[in-house]
Amino acid sequence: MKRRRAASLAAALALVLCGCGGTGGHADGGSGGGEGELLVWVDNTRMPAAQQYRKEHPDLKLRIVTIPPDAGYVPTKISLANRTGSGWPDVVFLANPAEAATLAGRKFGYAAPLDTLVPKSVRDGFTPGSLDTCTFGGRTYCLRNDISPTVLWYDRTLMRRYGYSVPTTWAAYQRTGLKAAKEHPGTIVGAVNGKYGAGIYFGSSGCPTRDTLSLTKVHIDLTRPECTRVADLLQPLAREKAVTTVVPIDPAFSKFGEGEKILMLPAPAWFGDFMFGPAFKVPKGRIAAAPMPTWPGESKPYAGQVGGGALLVSAHAGERTKDAADLVRWMTTDVNLQSKQPTYPAFAAAARKWGEAKSKDPYYASDPMPALSTAANALRPGFGAVRFEADWQTSFNDTLVTAFDTGGNARAALRSWQDKLEAAARTSGYTAE
């Protein structure tokens with residue numbers, strides 16, 4: 001029941017972030033709806049951009065339909081279009097970029113490769129690694145609208161009050177967490193639940209839980225040091241309650257913020273605007289950002305990923321393909337447009353412009369952009385979009401989170417997670433290697 005309630009809250013949060021309160025049409029019409037008409041599905045946040053494009057291209061017949069950000073919505077609608085032979089949008093926005101793996105797969109055959117439609121010079125302008133979730137077997141099937149690199153958020157006021165230093169290594173992070181749990185009971189330095197555990201800790205470490213080799217092959221190997229070191233990091237922190245298994249989007253998590261118990265929280269970039277103040281009730285002037293700590297033997301503070309969006313072009317667009325690709329290119333790379341969006345742009349030039357306002361935001365204790373920029377340019381390679389995204393999250397909870405909650409052995413839980421991931425991969429049409 002608790003996990004179903006958390007899932008419902010996740011959907012509600014997605015609605016808040018994209019501003020989706022209703023739809024501007026029904027996503028079930030024929031593709032284009034008429035000769036030469038471009039059919040575009042976007043969420044409410046992207047609607048003004050699509051409307052602006054239509055205004056600037058008066059000769060282009062463009063029909064824009066608003067869709068919800070709910071997980072599974074787009075694949076369900078595309079599956080229906082495949083069965084009826086009509087109703088495909090020429091362009092679609094994905095609130096969950098992992099669904100690109102589903103839509104590009106043989107079973108759906110929806111996403112068109114963009115390698116010849118979008119010049120390499122344009123694709124090279126995206127933040128390094130940001131298109132990894134769009135790339136399968138060397139072909140690019142989507143362009144990222146925004147990314148969600150993880151940083152080490154911390155409460156500067158608490159750090160100074162307790163006399164702690166912001167850790168730069170995971171070993172120091174663990175020591176600080178254990179010390180805080182002992183000296184200030186109830187204080188937390190992280191959250192491990194679903195994608196907020198698997199994507200942040202295991203993703204930043206480079207543990208191959210979902211390394212995409214192609215649309216049919218995925219690499220999973222939780223016996224590697226990049227995985228066991230995460231289990232060893234989190235085990236004592238979980239035992240001392242220095243990390244919580246309460247999912248951050250659960251209203252129950254707000255008690256940590258209201259009670260001044262969030263010392264640190266490795267979390268995605270969008271937490272700065274959408275979680276610490278609105279959800280956790282942390283007053284302005286306290287929250288700051290640092291790069292993720294470094295793992296043993298490494299000098300680069302690699303970031304994990306939790307969130308972001310992408311735009312795809314339909315393989316059914318036909319004569320509208322060029323127009324569809326141009327719209328996708330413009331929506332993801334126009335600097336003026338992207339610099340005004342709520343979350344971190346995937347296109348590097350737009351991110352720099354976007355950061356100018358973020359640097360001046362009075363909510364933060366210090367400019368968060370140096371840490372955010374460092375994280376965006378240090379996305380851990382290999383973390384790909386997979387068709388078993390939901391199982392990836394639930395299997396993490398069923399194994400690692402259960403071990404943390406019950407005092408079980410985290411390394412042993414890795415073996416169980418490996419088995420569940422391989423089973424999920426096979427069910428989704430992958431060969432697990």
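1. A residue is called buried when its relative accessible area is under 20%, and that cut-off is needed for the first point about this predicted model. In strand S1, which covers residues 38-42, 5 of the 5 residues are buried, so the strand is largely enclosed by the rest of the structure.

2. It is worth asking which residues of S1 lie on each of its two sides. Leu38, Val40 and Val42 are found on one side, while Leu39 and Trp41 are found on the other, and since every one of these is buried, both faces of the strand are covered. In a regular strand the side chains alternate between the two faces of the sheet.

3. S1 is joined to strand S2, made of residues 62-66, by 5 bridges, and the two strands run parallel. Within this pairing, valine 40 has isoleucine 64 of S2 as its bridge partner. To get from S1 to S2 the chain passes through helix H2, residues 47-56, and the β-α-β crossover formed in this way is right-handed.

4. S1 also pairs with strand S3, residues 91-94, to which it is joined by 2 bridges, again in a parallel arrangement. Here tryptophan 41 of S1 is the residue to look at, as it stands opposite valine 92 in S3.

5. Turning to the nonpolar interior, the largest nonpolar core has 146 residues, and those with the most contacts inside it are Trp153, Tyr173, Tyr201, Phe271, Phe276, Phe388 and Trp417. Phenylalanine 276 can serve as an example: leaving aside residues up to four places away in sequence, it touches Trp153, Ile262, Leu265, Phe271, Lys281, Val282, Ile287 and Tyr363.

6. How many cavities of 30 Å³ or more does the model contain? The count comes to 1, and about 60 Å³ of space lies in the largest cavity. Its lining includes Ile67, Pro68, Pro69, Asp70, Ala71 and Tyr73, as well as Phe93, Leu94, Ala95 and Asn96. Helix H3, residues 73-84, and S3 are the elements that give two or more residues to this lining, and S3 is also the strand that is joined to S1 by 2 bridges.

7. A last point concerns aspartate 334, which sits in the loop between helix H12 (321-333) and helix H13 (335-338). Is this residue buried, partly exposed or exposed? Aspartate 334 has a relative accessible area of 23%, so it counts as partly exposed, given that buried means under 20% and exposed means over 50%. Its C-alpha atom is separated by 22 Å from that of alanine 100, a residue 234 residues apart from it along the chain.

Key. Residues are numbered from 1 along each chain as its sequence is written. This is a predicted model: local features need pLDDT of at least 70, side-chain atom pairs count only at pLDDT 80 or more; totals for chains, interfaces and linings use all residues. Side-chain values use heavy atoms; hydrogens and water are left out. Buried means under 20% relative accessible area, exposed over 50%, partly exposed in between (1.4 Å probe, protein chains only). Helices (H or I, at least four residues) and strands (E, at least two) are DSSP runs, numbered from the N terminus. Two strands pair if DSSP finds at least two bridges between them. A crossover is right-handed if, with the strands pointing away from the viewer, the path from the first strand over the helix to the second runs clockwise. A nonpolar core is a set of buried Ala, Val, Leu, Ile, Met, Phe, Trp, Tyr and Cys residues joined through side-chain atoms within 4.5 Å. Contact means heavy atoms within 4.5 Å. On a 1 Å grid over the protein atoms alone, a cavity is a set of points where a 1.4 Å probe fits but cannot get out, and a pocket is an open set with protein on both sides within 12 Å along at least five of seven lines; lining residues have an atom within 4 Å of a point. Grid points are joined across faces, edges and corners, and a volume is the space filled by probe spheres set on the points.
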